[in-house]
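Please work through the exercises below with the sequence and the structure at hand. Attempt each task before reading its solution.

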Amino acid sequence: MITVEIVDKWMELFYQKISEQKAYLSELDTPIGDGDHGNNMMRGMQGVKDGLAKLSEPDLKLTFKTIAMSLISKVGGAAGPLYGTAFLEMAKNCEETQEPAELFKLALEGIKKRGGATTGDKTMIDVWAPVVDALAAASLSVEKVKEAAEGTRDLVAKKGRASYLGERSVGHLDPGAVSSQYLFESFIAAGGIK
Amino acid sequence: MTKKIGIVIVSHVPEVAMGIPKLLEQVAADVSITFAGGTDDNEIGTSAGKIMDAFEHNEAQELLAFYDLGSSKMNLELAVEMSDKKVNIYDVALIEGAYTAATLLEADVTLADIEQQLAPLKIK
């Protein structure tokens, strides 16, 4: 069950991970994108950190909503509306369920609708979809998350700037898949699936 | 008199968003045209907040929105969900599409006819 405490810890760990890996994320984005994913995510997570710090005793809905609005307004690239939509969907539905399997499933549907991408398009969905499946089967692990992100290497990009490169995108990891990997690793480390 | 339907331009680059209305105003003096370009820090990207402001500042209640690349459409859609105005998004070539719409709006052509003329300009 997801609680405000878990989400706070989750965002703190994700912020740290993005701080450590922002140069790497931008580097992944350079051959197949516009080279700014790391900086964009850093700007977004700084916004999340500042936004959450301003809240006093928020409930889960307000916590998710604050994360969503910070990402939407600060990230700038495609990751902003995509991650923002994911957290908005969780804000909308967290009064009915606090189960990660259900909330992440609704978030994934939001991402698919917003970006028009599906599994196999070499996007963040290629991490989100296997994570949602693993959660449903109660078998999510750090290894599975990593494996999913690594799996984007052999895919041909169908969405975003990488899609202009077509076959030439093969051999590169998708930066959004890797930042999603960090998101779920942080979730597990925050005690999200205990 | 200001036309009932307005135009909103969204681009990743502040100067691009700012420049296109200058072109459109030449053929559409009575159409309210607003724009949103770049992130909140005026860097390359788009901002749902800036797009909301462009909707708000437009004098019309119904808007035709034109954008450059994929991620601007995502922020446009987010802004539409949060706005009270009716906004139609067109997946057409940005400059040619907006210019066509501006010319036709100024001439009081119906939206259905405008959309028919925009259809062949669809590129995304």
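The exercises that follow concern a predicted model.

**Exercise 1. The order of elements in chain B**

Task: Determine how many helices and strands chain B has, and in which order the elements run.

Solution: Begin with the count. Chain B contains 5 helices and 4 strands. Next, follow the chain from the N terminus: the elements run β-α-β-α-β-α-β-α-α.

**Exercise 2. The dimensions of chain B**

Task: Decide what the radius of gyration of chain B indicates when it is set beside that of a compact globule.

Solution: Start with the expected value. A compact globule of 124 residues would have a radius of gyration near 14 Å. The value for chain B is 13 Å, which agrees with the expectation. Then consider the extent along the principal axes, where the C-alpha atoms of chain B fill a box of roughly 35 × 30 × 25 Å. Turn next to burial: 47% of the 124 residues in chain B are buried. Finally, look at the contacts in chain B between residues at least 6 apart in sequence; 69% of these join residues at least 24 apart.

**Exercise 3. A strand covered on both faces**

Task: Establish whether the residues of strand β2 (residues 33-37) of chain B are buried or exposed, and how this strand is joined to strand β1 (residues 5-11) of chain B.

Solution: The general rule comes first. In a regular strand, side chains alternate between the two faces of the sheet. Apply this to β2(B): I33(B), F35(B) and G37(B) lie on one side, while T34(B) and A36(B) lie on the other. A residue counts as buried if 20 or more other C-beta atoms lie within 10 Å of its own. By this criterion 5 of the 5 residues of β2(B) are buried, and both faces of the strand are covered. The next step is the pairing. β1(B) and β2(B) pair in the parallel sense over 5 bridges, and I7(B) has I33(B) as its bridge partner in β2(B). The last step is the connection: the chain passes from β1(B) through helix α1 (residues 14-25) of chain B to β2(B), forming a right-handed β-α-β crossover.

**Exercise 4. The contact between the chains and the nonpolar core**

Task: Describe the side of chain A that touches chain B, and identify which residues have the most contacts inside the largest nonpolar core.

Solution: Count the residues first. In chain A, 11 residues are in contact with 13 residues of chain B. The elements of chain A that give two or more residues to this side are α3 (60-74), α4 (79-93) and α5 (100-115). The largest share, 3 residues, comes from α4(A). Sorted by class, this side of chain A has 4 nonpolar, 6 polar and 1 charged residues.

Now consider the core. The largest nonpolar core has 94 residues, and those with the most contacts inside it are F87(A), V131(A), I7(B), A65(B) and A98(B). Its largest share, 8 residues, comes from α4(A). Setting aside residues up to four places away in sequence, F87(A) touches F64(A), I67(A), A68(A) and L71(A).

**Exercise 5. Positive phi angles**

Task: State where E57(A) and A138(A) lie, and whether they are buried or exposed.

Solution: Recall that most residues other than glycine have a negative phi. E57(A), although not a glycine, has a positive phi of about 45°. E57(A) lies in the loop between α2 (37-53) and α3 of chain A. With 6 other C-beta atoms within 10 Å, E57(A) is exposed. Proceed likewise for A138(A), whose phi is positive and near 55°. A138(A) lies in the loop between α6 (125-136) and α7 (142-150) of chain A. A138(A) counts as exposed because it has 8 C-beta neighbours inside 10 Å.

How values were computed. Residues are numbered from 1 along each chain as its sequence is written. Chains are lettered from A and ligands numbered from 1 in the order in which they are written. This is a predicted model: local features need pLDDT of at least 70, side-chain atom pairs count only at pLDDT 80 or more; totals for chains, interfaces and linings use all residues. Two residues are in contact if their C-beta atoms, placed from the backbone, lie within 7 Å. Ala, Val, Leu, Ile, Met, Phe, Trp, Tyr, Cys and Pro count as nonpolar, Asp, Glu, Lys and Arg as charged, and the others, Gly among them, as polar. A residue is buried if 20 or more other C-beta atoms lie within 10 Å of its own, exposed if 12 or fewer, and partly exposed in between; C-beta atoms are placed from the backbone. Two strands pair if DSSP finds at least two bridges between them. A crossover is right-handed if, with the strands pointing away from the viewer, the path from the first strand over the helix to the second runs clockwise. The radius of gyration is taken over C-alpha atoms; the globule rule is 2.2 Å times the number of residues to the power 0.38. A nonpolar core is a set of buried Ala, Val, Leu, Ile, Met, Phe, Trp, Tyr and Cys residues joined through C-beta atoms within 7 Å.
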